Amino acid sequence: MEKNGNSLVFKYQTLFYNNRQILSYATNEAFAFIGQGDENIKMYRGNFKIEDYVISRIPLNHFEITETSDSFIFNLSSNGQESLLKIKASLDSFGRLILNLTVSEDSYNRLWLRLPAQAEDKIYGCGEQLSYFNLRGQHFPLWTSEPGIGRNKNTMTTFKADTQDQAGGDYYTTNFPEPTFISTEKYYCHTNSYVYADFDFRNADFHELQYWGIPESLIFETAETYKDLLVKLTNLLGRQPGLPEWTDQGLLLGIQGGTARTYETVDKLRKAGVKIAGVFCQDWEGTQQTSFGKRNFWNWQWDPKLYPGLDTKINDWKKEGIRFLSYINPYLVNTSELYLEAANHNYFARNHDGDIYLVDFGEFNCGVVDFTNPAAFNWFKNLIKTNLIDFGCDGWMADFGEYLPIDVVLYDGSDPMIRHNQWPMLWAKCNYEAVKESDKLGEIVYFMRAGTAGSQQYCPMLWAGDQSVNWSLDDGLASTIPAALSVGMTGMGLTHSDIGGYTSLHGNVRTPELFMRWAEMETFSPFMRSHEGNRPTENFQVWDDDEAIHHLAMCTNVFTDLTSYRQAVVRENTELGIPVKRPLFIEYEADKAAYDIKYEYLFGPDVLVAPVYDECQATWDVYLPDDNWIHLWSGVEYQGGNYTIEVPIGQPAVFYRKNSAYADVFETITDKY
């Protein structure tokens, strides 16, 4: 059968979609298993310990197939007994392959599906993955959570975080999981469900997708190029809104401590030549001190004691070209004024005793605003409108979203095991509707760390979360590169990270060199923003060092020099879903080496960036695809191949394509610096 040039064929005991094998009994082995399981999930401050006791796993080794005018229907059973699982394969109006799944009994809550694979296949996506880019050879539990500190069980940082804080994380822990992947067979597979999943890419002959529930459907599309495939994927998932033009004017300076300190620091940096587009003051609503460090007081309204006169100063700053960005998340501390208001209106999720469910966020407890309650959703949306937008904020960090416990009682009676992975999308939607209904789309930007399928259309900017202030591959500067590449292959192409990192624990302290190397990388990004970190007084801050200030001024000037090019690349993401930070093979599909490179990226089609992610490096090894490349700082021309490049502070390994339509923009930078 065919539709819109797409074909669906069953032959040789195999279902083919556009000549790709999707389901197969050709080896006489089952491609589906059904069963029952009993999970045990415990959460501690957003970190989850997840165990599963598999009660049964039944191989569905017998099938009967029925062909209709528009579908193939598989009735799967064990040893030819009654049908346990039905899979209906059909093409929708766009030519997508849809696999609809139904089970014979509701008691089945585990499903394993095997998709045929070749040993040489490579796999990308599954949301934001910070340790791996090519996912082949690993399995990936897909559950939104705190990524954890260190994220590598072989490091001392993670060992201490596990033993002292229950917060170490692992290679797969992420704020942004998504049951979507792209294969080098040039198809995407997306699961239309928010159930807990574990995608296993370790077997040479198949990919095994495990679900703790029965998904409604799986969706596939193919394309001749990866760009076309991403266009199709984002047609399905939605695309991010564009960015306000004012974000191109320089750095979003992360600073805390009140009105006077903010103004004095901005004035000092601007006089030194730092281009500043705005200030990000996450403590605008007040602070509290914990053993983790200085934390915000989660009551989402201006604190006039810490920020006196901000209600008028915010407009004065805007006239000077300085935008004000604040902070919010979907929880309320139980000692706050807004908590009492929400509690009086029954806007919080409950526990099984009927009381407000309180979540421990680290020495303070918060209520969870219940987004399944329309009144609560609208109340919080209006809070954003009134307390942030009407107050004059031009943006904010829309933090968290990944903490929904699985034992809450929700207003609509839905299963929190399913709602958990969906929660970041609902949180993004709340922000989006507040901005849209205020007629501020394209003027306001908010950035989020948590996400999932559906977040794309509601989240204008992602950030990579709370990296450690160190050089580790799994949780430092380097980890943000595969993070951006992976999430870009999942339809979220506008992302950035905290310049300098955030988490300072267990001996990790930010150094000037780390901050400067991080700033160099984020210069070649859609959005440039710094952060003081969780322990500001213990860590290096750029305004305390003249050399670092001079370096930051250079970075922000390069950032603004790139405005015309960056706007074109951001527009490509908004209109087509092609990510701003993209893997090399997106532009160089014939280059076999490009498919395994995870610590370089293309900034748009024409700029190659190989960030320096280790300390005390005078030179850096770089791979260039087959093209004519110009070294941004020296103007020296290179061909494709492997090179060792000098990388003094201020000159990271950056190249542009000689035949770029923006060559004159890049040449101007070469001449200046």
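This report describes salt bridges and one three-stranded sheet in a predicted model.

## Salt bridges between distant segments

The structure contains 37 salt bridges. Side chains of opposite charge can pair when their charged atoms come close. One of these pairs is formed by K381 and E437, whose closest N and O atoms are 2.9 Å apart. K381 belongs to helix 6 (residues 374–389) and E437 to helix 7 (residues 416–437), so this salt bridge ties together parts that are 56 residues apart in sequence. K381 counts as buried because its relative accessibility is 6%, under the 20% limit. E437, at 44% relative accessibility, counts as partly exposed.

A salt bridge also links D498 to R529, with 2.5 Å between the closest N and O atoms. D498 is found in the loop between strand 30 (495–496) and helix 9 (512–523), and R529 in the loop between helix 9 and helix 10 (546–561); the pair therefore ties together parts that are 31 residues apart in sequence. D498 and R529 are both buried.

## Helix 9, strand 31 and a shared network

E522 pairs with K581 in a salt bridge, the closest N and O atoms lying 3.2 Å apart. Because E522 lies in helix 9 and K581 in strand 31 (residues 581–582), the salt bridge ties together parts that are 59 residues apart in sequence. Both partners, E522 and K581, are buried.

Shared partners also connect salt bridges into one network, which comprises E146, D399, E402, R449 and D466.

## The three-stranded sheet

Three strands form an open sheet in the order 24-26-25, and their pairing is antiparallel. Strand 24 (331–333) and strand 25 (358–360) occupy the edges; each has a single partner strand, so one side of each is left without a neighbour in the sheet. From one strand to the next, the twist averages 40°.

Strands of a sheet pair through backbone hydrogen bonds, either parallel or antiparallel. Strand 25 and strand 26 (residues 365–368) run antiparallel and are joined by three bridges. V359 has C366 of strand 26 as its bridge partner.

## Packing of helix 5 on the sheet

Helix 5 (residues 337–344) packs on this sheet and touches strand 24, strand 25 and strand 26. The direction of helix 5 makes about 115° with that of strand 24.

Note on methods:
Residues are numbered from 1 along each chain as its sequence is written. This is a predicted model: local features need pLDDT of at least 70, side-chain atom pairs count only at pLDDT 80 or more; totals for chains, interfaces and linings use all residues. Side-chain values use heavy atoms; hydrogens and water are left out. A salt bridge is a side-chain nitrogen of Lys or Arg within 4 Å of a carboxyl oxygen of Asp or Glu. Helices (H or I, at least four residues) and strands (E, at least two) are DSSP runs, numbered from the N terminus. Buried means under 20% relative accessible area, exposed over 50%, partly exposed in between (1.4 Å probe, protein chains only). Two strands pair if DSSP finds at least two bridges between them. Axes are lines fitted to C-alpha atoms, for helices over the stretch in contact, and angles run from 0 to 180 degrees between N-to-C directions. Contact means heavy atoms within 4.5 Å.
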